[in-house]
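Trainee: Got a minute to go through this one with me? I'd like to start with the charged pairs.

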Amino acid sequence: MQRLDLMLPSPAENLAADEALLDRCEAGAGDETLLFWEPRETFVVVGYANKVATEVNVAACEAEGIPIFRRCSGGGTVVQMPGGLNYSLILRITENGPTRNITAANQFIMEKNRAAIANAQFPSSIFDPPSFICMRGHTDLALATRRSSLVTFQKFAGNSQRRRKNFLLFHGTLLLNCDLALISELLLMPSLQPDYRASRPHEEFVTNLNLPAAQVKAALAKEWNAVEELKNPPLEEIAKLAREKYETRAWNFKFP
């Protein structure tokens, strides 16, 4: 698998990169890829089918000059900010393999991602009290913490999937060292939530891993055997897609 680390000039281009890489693979010009990028500014990203007014505190975003974007995959709304790490996997769909359908792909990819982070040699002192990493909901990674007989689950990564005929895009955001208060400030309570959330507000539901991005990237790259650098990313296609789609109000407020 190939690996690509991108630091593009704008949020729209970073979002466009996922779709451009998927398009290139579907057209037969690329192969399986693991992409990483880290936001350098704060912005909101709604899932493809999300209604902005239902998921986002639009007034707060406007007051603070926080832009709102829409991604090409489903799932819930997220706040992108410094301290987060985004990854994207472009994987081949095989008729009888683990990517054969949405459910199988979710389980296969999430287990590999969970194992990558759980098995990495992270300092044991970062989790106090002792915690372990697990899968919750459909595509969440959570930190499970045991206090006496009670186990609480706090989400640190949400993920979503988009499928074409021959390739799929599976991407997500990991909260590493984020200002979590921004989530409560910029987002409303989600219209859809997993059972394990139990209607908890954002500040009680999410958590940081407090791990360096370089270490997490190395763990994921090792798990996916992403050892070959992607030397010629489709930068022109990314810029064009950002300009014509991801920077436009027609796309970002497709479902206002």
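Mentor: First the term: a salt bridge here is a side-chain nitrogen of Lys or Arg within 4 Å of a carboxyl oxygen of Asp or Glu. Keep in mind that this is a predicted model.

Trainee: Fine. How many salt bridges are in the whole structure?

Mentor: A search of the whole structure gives 13 salt bridges. One of them joins Arg92 and Asp31, with the closest N and O atoms 3.3 Å apart. Arg92 sits in strand 6 and Asp31 in the loop between helix 1 and strand 2, so this pair ties together parts that are 61 residues apart in sequence.

Trainee: Is Arg92 buried or exposed? And what about Asp31?

Mentor: Arg92 counts as partly exposed, at 37% relative accessibility. Asp31 is partly exposed too, with a relative accessible area of 37%.

Trainee: Which residue does Glu111 meet in a salt bridge?

Mentor: Arg114, at 2.9 Å from N to O. The two are 3 residues apart in helix 4, which means that about one helical turn separates Glu111 and Arg114.

Trainee: Why does that spacing suit a pair in a helix?

Mentor: An α-helix has 3.6 residues a turn, so residues three or four places apart point the same way. As for cover, Glu111 is partly exposed at 31% relative accessibility, and Arg114 is partly exposed at 21%.

Trainee: What about Asp140 and Lys155, how far apart are N and O there?

Mentor: The side chains of Asp140 and Lys155 meet in a salt bridge at 3.5 Å, N to O. Asp140 belongs to strand 8 and Lys155 to strand 9, so the pair ties together parts 15 residues apart in sequence. Asp140 is buried, with a relative accessible area of 9%, whereas Lys155 is partly exposed at 22%.

Trainee: Which residues do salt bridges with shared partners join into one network?

Mentor: Glu19, Asp23, Arg162, Arg164 and Lys245.

Trainee: Back to strand 8. How many of its residues are buried?

Mentor: Strand 8 covers residues 140-147, and 6 of its 8 residues are buried, so call it mostly covered.

Trainee: Which sense does it pair in with strand 7?

Mentor: Antiparallel: strand 7, residues 131-136, and strand 8 pair over 6 bridges. As an example, Ser131 has Thr145 in strand 8 as its bridge partner. Strand 7 and strand 8 form a hairpin with 3 residues between them, and Gly137 in the turn has a positive phi of about 60°.

Trainee: And on to strand 9, how many bridges does strand 8 make with it?

Mentor: Strand 8 and strand 9, residues 150-163, pair over 8 bridges in the antiparallel sense. Leu141 has Ala157 in strand 9 as its bridge partner. These two strands also form a hairpin, with 2 residues between them, and Ser148 in that turn takes a positive phi of about 60°.

Trainee: Changing topic: helix 7. Which residues are buried there?

Mentor: Helix 7 runs over residues 213-223, and its buried residues are Ala213, Val216, Lys217, Ala219, Leu220 and Ala221.

Trainee: What covers the buried residues of helix 7?

Mentor: The cover includes strand 1, strand 2, strand 6, helix 4 and strand 10. Two of those names came up earlier: Arg92 lies in strand 6, and Glu111 and Arg114 are in helix 4.

Trainee: What phi does Asn225 take, just after helix 7?

Mentor: Asn225 takes a positive phi of about 55°.

Methods: Residues numbered from 1 in each chain as written. Predicted model: local features only at pLDDT ≥ 70, side-chain atom pairs only at ≥ 80, totals over all residues. Heavy atoms only, no water. Buried < 20%, exposed > 50% of the residue type's maximum accessible area, 1.4 Å probe, protein only. Helix = DSSP H or I, 4+ residues; strand = E, 2+ residues; numbered from the N terminus. Contact = heavy atoms within 4.5 Å. Pairing = 2+ DSSP bridges.
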